[in-house]
Amino acid sequence: MGYEQDVKRVNLKNPYYLKKWENLLQKVDIQVSTEVSIDDITCVGVFEADQLIATGSFQENILKYIAVDPTYHDGKLFNLIISTLISTLAQQQIFHIFVFTKPIYQMSFEFVGFKTLVKTDVGVLLETGDTAITDYLATIPRIANQKNCKISAIVMNANPFTLGHRYLVEEASKSSDLVYIFVVKQDVSLFKTTERFHLVQVGVSDLSNVRVVSGDEYMVSYATFPTYFIPDKTNIIRYQTEMDATLFKQKIAKPLHIKTRYLGEEPFSKTTEVYNETLKRILPPEVQVEIIPRLKINTQIISATKVRKAIQQNQIETIKDFLPNSTYNYIRDHLKILQNSIKEGMNIDGN
Amino acid sequence: MEIKSTAMAGTLESSDIQITISSNKSGIQIDLNSDVAKIFGKQIKKVIIESLNALEIKNAKVKAVDQGALDCVIRARTLAAAQRATHTAEEPEWEVF
């Protein structure tokens, strides 16, 4: 075949290359989601003469938009693209890599060392690299005879930890032997991951049957559920929530013997509402879903979004009743930093 | 020698092997992915272990994605990844080849 074995960086800001890239993706029926900014992805490709015949991209540690021109029917091109992406990421010291792809490509990725995490009707999520979900599970604390105990789980972003979160944890704690709080790891919220984690830990430290652990890349992350962090994209949210929920059920709840997942009722965020609906549909009967109504204080529903708004508007006194002292004091002591972060464009309306 | 950070060598192209080496608490643990694992799996693992032994690496996790590499290629890729992972790539251990 006449193509060069050269994989080149493809500059998608150049309309000439962008057009070629879009045409190739269209040929293999991959839609470019509109909310993905081209600035955020690194793209490579193989050219024959001036025609783009294979391409692949990554955004952080997620591979995306992998396509080989079907007329070439060539596994070599696929391997070449994946190999280049993996090596490029390795140079940035990124080794743990995910890909979300169509079921027909599952084998091709497994052939180059990827392992399937979860499969739904619309897609497959695979991972590869120096660590895997089994390593993650090995780090989760357990109790004696866990299999026969009542184990519950809550996944939360806690941006930041409020008395509403606290109430949810208390409810779970009352009726469980052990409660895992999986704190979302993706660092894209107003409160940094370390801050969120710390405030949850301090906020529940008196509850002896609660363990606070990181959700790592396996719960509500860019890999399992990227649009969680972007408000209102209901269509895409549906299949992503299915992926996240199925992964939780099969790969997290089962080995940890989690029998109940607690959710906060969701009157505000459309994204979370769809997520809750999906969890209710997918988790039972193996994992029960308990939805706890939101805690109200002085007839006001507690919400972390309101807390973030109050930070922005410099009115944190108004939300003092929503927060445990630990969170309130933290906000008071770091108010300027948080406000600057909002001014610099940190989105506070999403999750 | 100690593994200081994860490192990789090799590609996914035909006749090559991609080796990723990371730290491990105890012993050498190999996750091999190969079309010919049934026939050559033992031999591939043996070459990887010998190469690590030559550098006196006792604890390591190895992910090997093989595309039909010959022993000399396996050895070269393992040594390259291992020297990167032990931060000794600046002083290649030529004699262990």
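**Exercise 1. Find the strands of chain B that helix α2 lies across, and state the angle to β2(B).**

Step 1. In this predicted model, helix α2 of chain B covers residues 71-85, where helices (H or I, at least four residues) and strands (E, at least two) are DSSP runs numbered from the N terminus.
Step 2. Helix α2(B) lies across β1 and β2 of chain B, contact meaning heavy atoms within 4.5 Å.
Step 3. The helix runs at about 30° to β2(B); axes are lines fitted to C-alpha atoms, for helices over the stretch in contact, and angles run from 0 to 180 degrees between N-to-C directions.
Step 4. Helix α1 (residues 37-54) of chain B, by comparison, lies across β2, β3 and β4 of chain B and runs at about 140° to β3(B).

Residues are numbered from 1 along each chain as its sequence is written, while chains are lettered from A and ligands numbered from 1 in the order in which they are written. Local features need pLDDT of at least 70, side-chain atom pairs count only at pLDDT 80 or more, totals for chains, interfaces and linings use all residues, and side-chain values use heavy atoms, with hydrogens and water left out.

**Exercise 2. Work out the strand order of the sheet in chain B, and name its edge strands.**

Step 1. Along the sequence, chain B follows the pattern β-β-β-α-β-α.
Step 2. The four strands form an open sheet with the order β1-β2-β4-β3 and mixed pairing, two strands being paired if DSSP finds at least two bridges between them.
Step 3. The edge strands of chain B are β1 (7-9) and β3 (28-34), each of which pairs on one side only.
Step 4. Strands β2 (residues 17-22) and β4 (residues 60-66) of chain B run antiparallel and are joined by six bridges, and Ile21(B) stands opposite Val62(B) in β4(B).

**Exercise 3. Describe the lining of the largest cavity.**

Step 1. On a 1 Å grid over the protein atoms alone, a cavity is a set of points where a 1.4 Å probe fits but cannot get out, and lining residues have an atom within 4 Å of a point.
Step 2. The largest cavity has a volume of about 60 Å³, a volume being the space filled by probe spheres set on the points.
Step 3. Its lining includes Ile86(A), Phe95(A), Met8(B) and Lys63(B).
Step 4. The elements giving two or more residues to this lining are β2 and β4 of chain B.

Terms used: 1 Å grid on protein atoms, 1.4 Å probe; cavity = no way out; pocket = protein on both sides within 12 Å on 5 of 7 lines; lining within 4 Å.
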